[in-house]
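I opened the notebook with two things to look up. One was the main pocket, the other the salt bridges.

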Amino acid sequence: MARIFLPFLPGLVAICAVHGIFMDSLASKKLCADEECVYTISLARAQEDYNAPDCRFINVKKGQQIYVYSKLVKENEAGEFWAGSVYGDNHEDSMGIVGYFPSSLVREQHVYQEATREVPTTDIDFFCE
């Protein structure tokens, strides 16, 4: 369990308990539409099923649509991964969960904004609850 200390009032500190684990980084940089990586880059459709190997990733079924929020910058021999969340009425159990998936798994259907901002990844990008 990690503990995060937040300033509350001068001289006082609030302690919040966070359950989870920091996993290994998949890349040191990512491409986003904005500096905070909050805007959707594109909507993509899965071309095949994908079973997440660990909590950093999301399960995807062929035909599902995925909102793409960032694209990890490929390093060395690592695969190319994007971060996104599943979208669709038939997949309520997966909606809203953001995780990584191989970029080769999907085809972009609509690009909302170009991913032109290169920003460093942080530990929280690879945190699992």
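These entries cover the pocket and then the charged pairs.

**Entry 1: the model.** I am working from a predicted model. I keep that in mind throughout.

**Entry 2: the largest pocket.** I looked up its volume. The largest pocket comes to about 420 Å³. I then listed its lining and got 19 residues. Val98, Gly99, Ile124, Asp125 and Phe127 lie nearest the centre.

Next I asked which strands supply at least two residues each of this lining. They are β6 (65-72), β8 (98-102) and β11 (127-128). I found that β8 gives the most, with three residues.

I also sorted the lining by residue class. Nonpolar residues number 13, with two polar and four charged. Asp125, one of the residues nearest the pocket centre, comes up again in Entry 4.

**Entry 3: salt bridges, Lys29 and Glu118.** I counted five salt bridges in the model. I looked at three pairs in detail.

Lys29 and Glu118 meet through their side chains, at 3.5 Å from N to O. The cut-off is 4 Å, so the pair counts as a salt bridge. Lys29 sits in strand β4 (residues 29-32) and Glu118 in strand β10 (residues 117-120), so this contact ties together parts that are 89 residues apart in sequence. How accessible is Lys29? Lys29 is partly exposed, at 38% relative accessible area. Glu118 is partly exposed too, at 46%.

**Entry 4: Asp125 and Lys30.** I went back to Asp125. Its side chain forms a salt bridge with Lys30, at 2.8 Å from N to O. Asp125 lies in the loop between β10 and β11, and Lys30 in strand β4, so the pair links parts that are 95 residues apart in sequence. Is Lys30 buried or exposed? Lys30 has 10% relative accessibility, and buried means under 20%, so Lys30 counts as buried.

**Entry 5: Asp54 and Arg56.** The third pair I checked is Asp54 with Arg56. Their closest N and O atoms are 2.6 Å apart, in a salt bridge. I compared the accessibility of the two partners. Asp54 is partly exposed at 22%, whereas Arg56 counts as buried at 13%.

**Entry 6: recap.** I noted one general point: side chains of opposite charge can pair when their charged atoms come close. For the pocket, I keep β8 as the strand that gives the most to the lining. For the charged pairs, I keep Asp125, which lies nearest the pocket centre along with four others and also pairs with Lys30.

How values were computed:
Residues numbered from 1 in each chain as written. Predicted model: local features only at pLDDT ≥ 70, side-chain atom pairs only at ≥ 80, totals over all residues. Heavy atoms only, no water. 1 Å grid on protein atoms, 1.4 Å probe; cavity = no way out; pocket = protein on both sides within 12 Å on 5 of 7 lines; lining within 4 Å. Points joined across faces, edges and corners; volume = space filled by probe spheres on them. Helix = DSSP H or I, 4+ residues; strand = E, 2+ residues; numbered from the N terminus. Nonpolar A, V, L, I, M, F, W, Y, C, P; charged D, E, K, R; others polar. Buried < 20%, exposed > 50% of the residue type's maximum accessible area, 1.4 Å probe, protein only.
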